[in-house]
Amino acid sequence: MQTSATPTHCPYCALQCGMNLTPTSDGGVTVTERADFPVNRGALCGKGRTAPALLSSRVRLTSPLVRRAGVLEPATWDEALDRIAEGLSRTRTEHGPDACGVFGGGGLTNEKAYALGKFARVVLGTSQIDYNGRFCMSSAAAGGIKAFGLDRGLPFPLEDIPRTGCVILVGSNLAETMPPALRYLTELKENGGTLIVIDPRRTRTAEQADLHLAPRPGTDLALALGLLHLVVAEGRTDEEYIRERTSGWEEARAAAMAHWPEYVERITGVSVPQLRETVRMFCEPSSAMVLTARGPEQQSKGTDTVGAWINLCLATGRAGRPLSGYGCLTGQGNGQGGREHGQKADQLPGYRKLTDPAARRHVAEVWGVDPDSLPGPGRSAYELLDAMGTDIRSLLLMGSNPVVSAPRAAHIEGRLRSLDFLAVADVVLSETAALADVVLPVTQWAEETGTTTNLEGRVLLRRRAVTPPDGIRSDLDVLHELADRLGVEKGFPTDPEEVFEELRRASAGGPADYSGITYRRLAEENGVFWPCPAQEAVQDCEDAAFDALPDDPAGEGAEAVGGAHPGTPRLFLDRFGTEDGRARFVAVSHRAVAEEPDAEYPVLLTTGRVVAQYQSGAQTRRVDELNAAAPGPFVEMHPRLAERLGAADGDPVAVVSRRGRAVAPARVTTSIRPDTVFMPFHWAGEGRANTLTNPALDPTSRMPEFKACAVRLETVDRG
């Protein structure tokens, strides 16, 4: 038995915190700090500390399951794989390849995400593949591509945050969602910088702020436009920067000037003096950043909202300069890498566009197929799920739990039940897996080697630390076996390093170029920032969508190893990723949420996370320590709203929207606006918050509007 410590990374959020894992004599695993990893410097939250609990056979799947006479029962691997192959093959024969759907997850490693996208397009020949990351970072990605020509969550390392002059944090409660990152904001303030937090709730993060703005949910776009209006009116624009490094300013300026401060105050509830103070705090230092998270992004206008915050950065010269810029705090563990290598509906590996003929030729050559055989773009995540049982008749799902995480969740649960065939590969029997015809038990983080890409664009090597239980196989094994059964005998290796070597070739020359990254480099360098082209491509870097050897404000840039490209910690310092190298302003205007409150549904609901749970809770709800800290859902409401309702703290309350009803205890607090209620979305059952949420989609990113919908409250008599 291995007894030495293995350096690896946490399975949860996009920080991908470093940790050491050591097997114990009783079959357990201990977690110890890994101080050499720069992102968390040894710090771990409760989820990371308790992650080994998921390795226990007590909480995980240990055998394939197949449905017989309506009941899931243990089966052999051959029977389970045969059933899946038969189900997918039957659907293709009877209804065509696009009747087969594939749904992935932002927690899959780069190797798995890459192989899943290849499997969908090469083996099944279907265009119908997307993943749950569409529900997380897609609006920020779309906004970044529009403005900068490139999407990477943070265009700079986290270590730059404490050295900037001001941070505006929009719709993030990172003190609970990624606690080890809070130190960067603490250090910012210790260094004399200022923190502005924008959130309808006074969260643990907002309590750290020098200034907290509490806008009405769904009005972040108007808020950003009002700030830009004041920047212009007060003469705080950087005209030289605008002239030399941007385009589209006149149109964006005109749109912003239609959002005068008093008008924005009426929309958002943020006072004019607070708007002016925000502009002063942001513009007076020589450097500043805007960081957004799901608050402004999970809206039916999320792409425009992100664009408005980017406009604020561009107008003040705070992008593509040292210690300044716009960044997105990516949420899922491999939310960044998961959206780069082919499991999105419109994408090929390397963040290439599926509609680009040159991209299709390049990837098809790596895959050994005809470019014309590759299907075109398919439906986005919600649209794919909504089409189940009608256009989509069979679904292969890996690493996602849409019964809990999708908007209008009761409807999506019904769509899943209407499928002709559903196969799920997961670590645990999630609420979605419980509906499947076949369930496959697969390896998890500590039992397998693979790469992830954290929110900084730092590609990391997760190392296998323990041996999985008998009867457990990897997702790569699953795809290999299914491909073989469906007539594709080659092209789906089970060794993750072999898959990564192919991914390197497929990504070469693309926006997310990994071709210069190897497992050896990742192990030796504690991660490598993409883009990182192979040595033979380095000479072309000056014309690429990034800085080949970026300037480092600290004078300590990444160093090349053996003459290799060093990676790119900081993007855009010389040029942006657009064809002309200029950042693009986008002219946007405020519009209301898709579902405004009215007499029947007079209150706004917003949703989010709590510190002890993660995403749909499929993993964390199986950890005793975490459940003790956060045992169930709740409805957070202001005392004035509770008084009107006649509810006291702890009383069961029903929250009703046009899509359904959820019941949970009231949590009465002055930390939330009186016109808003908040529910965490980690639980199934009667407290499922996403029963209520609105699937209204952003026209560009196809992001559903999780963050604002109209509801009414009712008291519940438990008798």
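## A first look at the parallel sheet and its surroundings

Strand β9 and strand β10 (residues 211-213) pair in the parallel sense over three bridges; here two strands pair if DSSP finds at least two bridges between them. Helices (H or I, at least four residues) and strands (E, at least two) are DSSP runs, numbered from the N terminus. This is a predicted model, in which local features need pLDDT of at least 70 and side-chain atom pairs count only at pLDDT 80 or more, while totals for chains, interfaces and linings use all residues. Residues are numbered from 1 along each chain as its sequence is written, and side-chain values use heavy atoms, with hydrogens and water left out.

**The chain as a whole**

- Welcome to the overall picture: the chain holds 23 helices and 30 strands.
- A compact globule of 719 residues would have a radius of gyration near 27 Å, and the chain agrees with this at 24 Å; the radius is taken over C-alpha atoms, and the globule rule is 2.2 Å times the number of residues to the power 0.38.
- The C-alpha trace spans about 75 × 70 × 55 Å along its principal axes.
- Of the 719 residues, 64% are buried, where buried means under 20% relative accessible area, exposed means over 50%, and partly exposed lies in between (1.4 Å probe, protein chains only).
- Among contacts with a separation of 6 or more, 74% are between residues 24 or more positions apart; a contact means heavy atoms within 4.5 Å.
- About 24000 Å² of the chain is exposed, and carbon and sulfur atoms supply 46% of that area; accessible areas come from the Shrake-Rupley method with a 1.4 Å probe, and for residues only the protein chains shown count as cover.

**The five-stranded parallel sheet**

- Now back to β9 and β10: they belong to an open sheet of five strands in the order β10-β9-β8-β12-β13, with parallel pairing.
- β10 and β13 stand at the edges with a single partner strand each, so one side of each has no neighbour in the sheet.
- On average, neighbouring strands of this sheet are turned by 15 degrees against each other, direction ignored.
- Within the β9-β10 pair, Ile-198 has Leu-213 in β10 as its bridge partner.
- Strand β9 covers residues 194-198, and four of its five residues are buried.
- β8 and β9 run parallel and are joined by five bridges, with Ile-168 opposite Ile-196 in β9.
- Strand β8 (residues 166-170) also runs parallel to β12, and four bridges join the two.
- Across that β8-β12 pairing, Val-167 stands opposite Met-289 and Val-170 stands opposite Thr-292.
- On the other side of the order, four bridges join β12 to strand β13 (residues 325-328), again running parallel, and Met-289 stands opposite Gly-325 in β13.
- Strand β12 (residues 289-292) points Met-289 and Leu-291 one way and Val-290 and Thr-292 the other way, and all are buried.

**Two helices to look for**

- Helix α13 lies across β8, β9, β12 and β13, running at about 155 degrees to β13; axes are lines fitted to C-alpha atoms, for helices over the stretch in contact, and angles run from 0 to 180 degrees between N-to-C directions.
- The 14 residues of α13 (residues 302-315) should span 20 Å at 1.5 Å a residue, and its end C-alpha atoms are indeed 20 Å apart; the expected span is 1.5 Å times one less than the number of residues.
- Cover over α13 is extensive in the sense that 14 of its 14 residues are buried.
- Gly-317, just after α13, takes a positive phi of about 70 degrees.
- Helix α7 (residues 220-233) has 14 residues, which should span 20 Å at 1.5 Å a residue, in agreement with end C-alpha atoms that are 20 Å apart.
- Because 13 of its 14 residues are buried, α7 is largely enclosed by the rest of the structure.
- Gly-235 follows α7 and has a positive phi, near 70 degrees.

**A three-stranded antiparallel sheet**

- Another open sheet has three strands in the order β19-β20-β21, with antiparallel pairing.
- Its edge strands are β19 (450-453) and β21 (528-529), each of which pairs on one side only.
- Helix α3 (residues 110-124) packs on this sheet and touches β19 and β20, its direction making about 95 degrees with that of β19.
- Strand β20 (residues 458-462) pairs with β21 in the antiparallel sense over two bridges, and Arg-458 has Phe-529 in β21 as its bridge partner.
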